[in-house]
Every structure is written in C-alpha cells, then in structure tokens.
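User: Please take a close look at one part of this model, starting from a single residue and its surface. Then work outward to other sites, with the cut-offs stated.

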Amino acid sequence: MKFEVLTKDEMNALSRELSRAGIMNRTREELSREISHYIVIEGTYAELLEKAGGIGPLEEYLEALRSAYEELFSDWKPGEERPAEKLFDESDLGKLMLVTSLIEAGSIEERDGSFVLREKPPLEDLRIELRFPIDEVEEYLEEIDERFKPTMVTEYTLEKRYYVEVLEVERELIEGALEIAGEYATEESIVEATFDGIARSVLAEKILELAEKHRRKNELIEAVMELEPIVVRGRSGRVNIYYDEDAIEDFLKTLQTLGYIKVKGNRVWA
C-alpha cells in the first residue's frame, strides 16, 4: 500500500518514522500530468438566464449565483470592509464566482486580504464567466454551442508527486503504518491505503495458510484461485478481494522478498 504526501520533506519524514517503527517502506517520486477540458460561457447574468432554459447544470448554477447574491448583500453596505473568511470559503463555489465577478467589475476592492464594497450592482447587469467540465454538460453540448458560442479551455498541469510505499503484509504492521501516516498523508490516500492494506493482509494470511498444505506452487496458486473472490465482512459492509493468476504469481514474489515463504522452481516452503 502507498501513501501520498504533499512535499518531499514530508515524504522523507514519513519514511523515517515508518523505518523507526520497523515497518519496511520505500519512497517514490513521480512526475504526473493532468489534462482537463472545460466549456466556458460568458455574458451578463440576464443574458445567460434568458438562454439557459432546459440546460439543467446551467440553470442550477445561475440559481446558486442568485442565492449567493441575495445572501451576500443582505447586510453588506457600500463602504463597509469585510475579511475574506466572512464572505465565502473555497467550498462555496457560488459565492467565490460571484465575488470574483464583482472584483472584475470594480464593485469590490481588495485591501490586504479584506474586501471593501464600493457599490451594489444589479445582478442582471453583472458580467459572469461560467466554467463547466465537459463531462458535466456533455448531453447539452449542441444546445450550448448554438445558444452561447462557448469557448473550450484545456488545462494542462504538470506536477511532482511524492509517495511512501509500505511493503509489509502483516496486519499489525499495516495498522501501525496507517496510524503513523495519518499525520503526513493525504486523506484520500489514507482511505485507499486502508482498503489496500486490508486486502493485502487477508490475501497473505490465506496464501500462508494454504502453503502449509500445498507444497507445489502450481497447486498453491490453484487453491488460492478457488477462493476468489475472498470476502471480508465488517460491521457495516464488506470488502470483496479479486485477483488473477498473474497477480498471485507476483504476490508470491512479494511474500518471498519479505521472508514469509521460499519459492524454488515448483516448490514452496512456508
């Protein structure tokens, strides 16, 4: 299982802590790319609203903008200064888009991390730029093209990513790695590593159990394949573990590297 961290320093720190705890691991750096395609629609709020009928995602976004506008100006008067955190947070895309449009229109002035309202423009006159991932509006592309003459924007992002891979399969060591990584790794990678760790430890336990009975590699693999899928049941759900013969061949090599089994030719020693 592997954990993603945000910086090289965090990668090295996590690796050191795992090593101190006796957990085998290795670091890895990757240069990754991400390509995203967007449809960009521009116009005043009134123009967009007039043409948006029947295009669900656009209607919903415009309604969210109206709600954000009404909430923002319910108690904010011209000349009043407010800190950014009182106006919106990054998860509130409607307010973020609205404030961006107001800044570009000159209705809001930014001062040292705070915002001053200069004037309250009518929402209908406010010029808006809306961006939608293409897959969100795919079924409406023909209508959007006819009504709005949109622009397609492609964003290419190249970035370095940092990982720490835990090589263990023993459940106790995996649980220890998850606890340590909680202070360093991204939340998403912790979730993925948790299920990866569960699956690897259960699969290792089953293989080692069967290896006591099946001393020939081909017979051992056949016995493991007969168990597929392995089902792990919990209090509120289950994990189904699927694999193929090539994956088991590789997993046997992992177990041999870790010292759990020895494979030579068609013979297996546990």
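Analyst: Start with D246, which sits in helix 10. Helices here are DSSP runs of H or I with at least four residues, strands are runs of E with at least two, and both are numbered from the N terminus. The model is predicted, so local features need pLDDT of at least 70 and side-chain atom pairs count only at pLDDT 80 or more, while totals for chains, interfaces and linings use all residues. Residues are numbered from 1 along each chain as its sequence is written, and side-chain values use heavy atoms, with hydrogens and water left out.

D246 counts as exposed because its relative accessibility is 59%. The classes are buried (under 20% relative accessible area), exposed (over 50%) and partly exposed in between, with a 1.4 Å probe and protein chains only. Areas follow the Shrake-Rupley method with that 1.4 Å probe, and for residues only the protein chains shown count as cover.

D246 belongs to a surface patch of negative charge, together with E219, E222, E226, D244 and E245. A patch takes residues with over 30% relative accessible area and no salt bridge; like charges are joined within 9 Å, and nonpolar side chains (Val, Leu, Ile, Met, Phe, Trp, Tyr) within 5 Å. A salt bridge is a side-chain nitrogen of Lys or Arg within 4 Å of a carboxyl oxygen of Asp or Glu. Asp and Glu count as negative, Lys and Arg as positive; His and the chain ends are not counted. Each charge is placed at CG of Asp, CD of Glu, NZ of Lys or CZ of Arg.

Which helices build this patch? Helix 9 (217-227) and helix 10 (245-257) each give at least two residues. Helix 9 has the largest share, with 3 residues. After helix 9, a loop leads to strand 8 (230-233), and P229 lies in that loop. The peptide bond from E228 to P229 is cis, with omega near 0°. Most peptide bonds are trans, and most residues other than glycine have a negative phi.

K149 has a phi near 50°, a positive value in a residue other than glycine. It lies in the loop between helix 6 and strand 7, and at 62% relative accessibility K149 is exposed.

Strand 7 (151-166) also leads to another patch: with strand 2 (25-44), each supplies at least two residues of a nonpolar one. L31, I35, Y156 and L158 make this patch, about 440 Å² in area. I35 is in strand 2, and it counts as partly exposed because its relative accessibility is 40%.

Now the loop sites. E139 lies between strand 6 (127-133) and helix 6 (141-148). At 68% relative accessible area, E139 is exposed. E139 and I55 are 84 residues apart in sequence and 9.2 Å apart in space, C-alpha to C-alpha. G54 occupies the loop between helix 2 (45-51) and helix 3 (56-72). It is exposed at 52%. G54 touches E59 and Y140, leaving out residues up to four places away in sequence; contact means heavy atoms within 4.5 Å.

Two serines finish the tour. S101 is in helix 5 (residues 93-104) and is buried at 4%. Beyond four places in sequence, S101 contacts L126, R127 and I128. S107 follows in the loop between helix 5 and strand 4 (108-111), buried at 1%. On the same sequence exclusion of four places, S107 touches L102, V116, L117, R118, E119 and P121.
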